[in-house]
Amino acid sequence: MAKKQKLRSEIEEKYKWDLSPIYSGNEDWYKDLEIVSKEVEEVLNYKGKLLISAKSLLEYLEFSIKLERRLYKLYYFAQLNFDSDTTNNEYQQMSGKIQNLLSKYNELDSFADPELMKADYDIIKNFYIEEPALKQYEFVLEQIYRYKEHILTEEQERILSAFANINDIPEETFEALTDSDLKFGIIKDEEGNEVELTESNYSNFIESEDRTVREAAFNQLLGTYSNYKNTIAKTFAGNVEVLTTLSKLKHFNSSLEASLFGDNIDRKVYDNLIETVSSGLDTLYKYFDLKKDVLGLSEFHLYDQYNSLVPDCDKNYSFEEAKKIVLEALSILGEDYIEILNKAFDERWIDVYNNKGKRTGAYSSGFYDTNPYLLLNYEGKFGDISTLAHELGHSVHTYYSCHNNPYQYSHYRIFVAEVASTVNELLLKLYMLNKSCDKNEKKYIINVMMNSFKSTIYRQVMFAEFERDVHALKEKGEILTNELLSNYYYELNKKYFGPNVVVDDAIRYEWARIPHFYYNFYVYKYAIGLSCACYIVDNILAGKENALEDYKRFLKAGGSDYPANELEIAGIDITNSEVISSAIKMFDNLIEQFKSLD
């Protein structure tokens, strides 16, 4: 019999997050909402006045930050409550009301950046002299003015804005087709039962112990995509057309350059990542050879890569045990770090167990005027301990950022966000690996880690290479047909899987199912994040001088600088192949450790 979900009221209070530090209750929230709803209108008092004087600009910035902080205080209280029980009608109402108010404020405040852009940055520099208090916003203003040469005339920008929704059509069409309209037919499971194949349950079949099930799922899913290859190729090409056209209109040299601009990332970081990983493919080939040997296969096909080398770990851990393990594993990060972790547990930042209506998955969420809260759906498995460590990494990063920066520099960028969480995950897994005396448990942990390197480094970089190169082909005037895309993707798979893996023909259509190709050169960040985390962990565990102190200084930087500059604080030069190589080296060491356990 399936385990019945508990109601929210049935969960012990100590396992539910305490949101009272934000608002004492819903009544106080509504009172504040009423006040702030009126205050958002006041932003229009600054329209047309930002550049009158340094004082007027300072007044606007101070007003907008004060108001934004109150808006997001309202937002987090409503959203966290809603996520803990989405069936609660009042939480639904609260979440909707504050989201509407935020949208209204963003619309009313939309005049600010265009108004500032009418002036040269030299005027702002003179404002710093005229009003020294304005200097605290220098990096905020610098980031706005970076875009000046890529901003068109007011009328041209208005026209582009009018097309914004139209530009999203390729991605929306892809999502509608793949999420709703595509049907993948019926497949037989391990017991011979007929089951409908979906994108959702595909992972279960492709990881099956039964090879015939894996092969059938692989060919049927990708075969279905091949039936729509021309339609999806048009959709994909439409998205590339949007990005390449916009980048050209905005005076960028390429769509890749335009996508990297926001984080101020040099293109050589992207290219160096691909080049370094490409030169380290022998380690990936070694991993596939290991899988082939352990699984006892005469031929290793693409549909065999997801079959686990070891059985799932059936060991269960109470939340109290998980807490103890995480604290011990992360104790190497110092007393001040552990003190923050203890605050998370003692002050109930964590919503631990699943209940009816609770949002699935896990996250860390919070901002300057709240605790960095964690949502979990803890089930007691090894993966749940890893998730706890991961999300605590985000939360401590947020805590350090908010306690060491003014509000305007307390938000770190997505580019660096996964570094702190992945450092925690690596430290946890290495700790458990070293502590375990059980050979099978060691193998399980190593297997989990090897899968992470394969998927986060190599697979994402293969995607990044595909994305870079097909955009470049479009910019050279090539027509992105299904044949061109499929053939190129097939050749990339041959490169990344190597000579000892049978690269099945159906894989040439896998590009058609990857939603990340509509995310504008996003996937490379996954590989960079894991590589940086490996480099940091290696240095900390080796006791490298100042490695731990430098890492914490990085965590405290918040959003006070561009990502590459912040990573330099931790001793990381992301243009240097050594950082990427550290991840490949750790992967290689794990393969050798696994072999030594046989």
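## Exercises on salt bridges, burial and surface patches

Lys 494 has a relative accessible area of 38% and is therefore partly exposed. The model is a predicted one.

**Exercise 1.** Find the salt-bridge partner of Lys 494 and state how the two residues are placed in their helix.

Solution.
- Step 1: the partner is Glu 491, with the closest N and O atoms 3.8 Å apart.
- Step 2: the cut-off for a salt bridge is 4 Å, from a side-chain nitrogen of Lys or Arg to a carboxyl oxygen of Asp or Glu.
- Step 3: both residues belong to helix H21 (residues 482-497). Because Glu 491 and Lys 494 are 3 residues apart there, about one helical turn separates them.
- Step 4: Glu 491 is partly exposed, at 43% relative accessibility.

**Exercise 2.** Describe the salt bridge of Lys 31 and assign an exposure class to each partner.

Solution.
- Step 1: Lys 31 pairs with Glu 27, and the closest N and O atoms are 3.8 Å apart.
- Step 2: helix H1 (residues 26-39) holds both, with a spacing of 4 residues, about one turn of the helix.
- Step 3: exposed requires over 50% relative accessible area, and buried requires under 20%.
- Step 4: Lys 31 has 48% relative accessibility, so Lys 31 is classed as partly exposed.
- Step 5: Glu 27 has a relative accessible area of 58%, so Glu 27 is exposed.

**Exercise 3.** Give the N to O distance between Asp 505 and Arg 508, and classify both residues.

Solution.
- Step 1: the two side chains form a salt bridge at 2.9 Å, N to O.
- Step 2: Asp 505 is partly exposed, because its relative accessibility is 44%.
- Step 3: Arg 508 is buried, because its relative accessibility is 13%.
- Step 4: elsewhere, Arg 267, Asp 271, Arg 468 and Asp 469 form one network through salt bridges that share partners.
- Step 5: the count of salt bridges in the model comes to 36.

**Exercise 4.** Locate Asn 272 and Ala 547, and decide whether each is buried or exposed.

Solution.
- Step 1: Asn 272 sits in helix H14 (residues 267-279). With a relative accessible area of 12%, Asn 272 is buried.
- Step 2: the side chain of Asn 272 comes to 3.4 Å from the backbone oxygen of Thr 575. The cut-off for a polar contact is 3.5 Å between N or O atoms.
- Step 3: Ala 547 is in helix H23 (residues 547-556). Its relative accessible area is 11%, so Ala 547 is buried.
- Step 4: Ala 547 and Ile 569 have a sequence separation of 22 residues and a C-alpha to C-alpha distance of 9.8 Å.

**Exercise 5.** List the residues of the negative surface patch and of the nonpolar surface patch, and place one residue from each.

Solution.
- Step 1: the patch of negative charge gathers Glu 190, Glu 191, Glu 207, Glu 209, Asp 312 and Asp 314.
- Step 2: Asp 312 lies in the loop that runs between strand S3 (300-301) and helix H16 (319-329). Asp 312 is exposed, because its relative accessible area is 65%.
- Step 3: Ile 159, Phe 163, Ile 166 and Ile 169 make up a nonpolar patch of about 350 Å².
- Step 4: Ile 159 belongs to helix H7 (residues 154-162). Its relative accessible area is 38%, so Ile 159 is partly exposed.
- Step 5: patch members need over 30% relative accessible area. Asp 312, at 65%, and Ile 159, at 38%, can be checked against that cut-off.

Notes:
Residues numbered from 1 in each chain as written. Predicted model: local features only at pLDDT ≥ 70, side-chain atom pairs only at ≥ 80, totals over all residues. Heavy atoms only, no water. Patch = residues over 30% accessible without salt bridge, like charges linked within 9 Å, V, L, I, M, F, W, Y side chains within 5 Å. Areas by Shrake-Rupley, 256 points an atom, 1.4 Å probe, with all protein chains shown as cover. Lys, Arg positive; Asp, Glu negative; His and termini not counted. Charge placed at Lys NZ, Arg CZ, Asp CG, Glu CD. Buried < 20%, exposed > 50% of the residue type's maximum accessible area, 1.4 Å probe, protein only. Polar contact = N/O pair within 3.5 Å; in protein donor to acceptor, adjacent residues only side chain to side chain.
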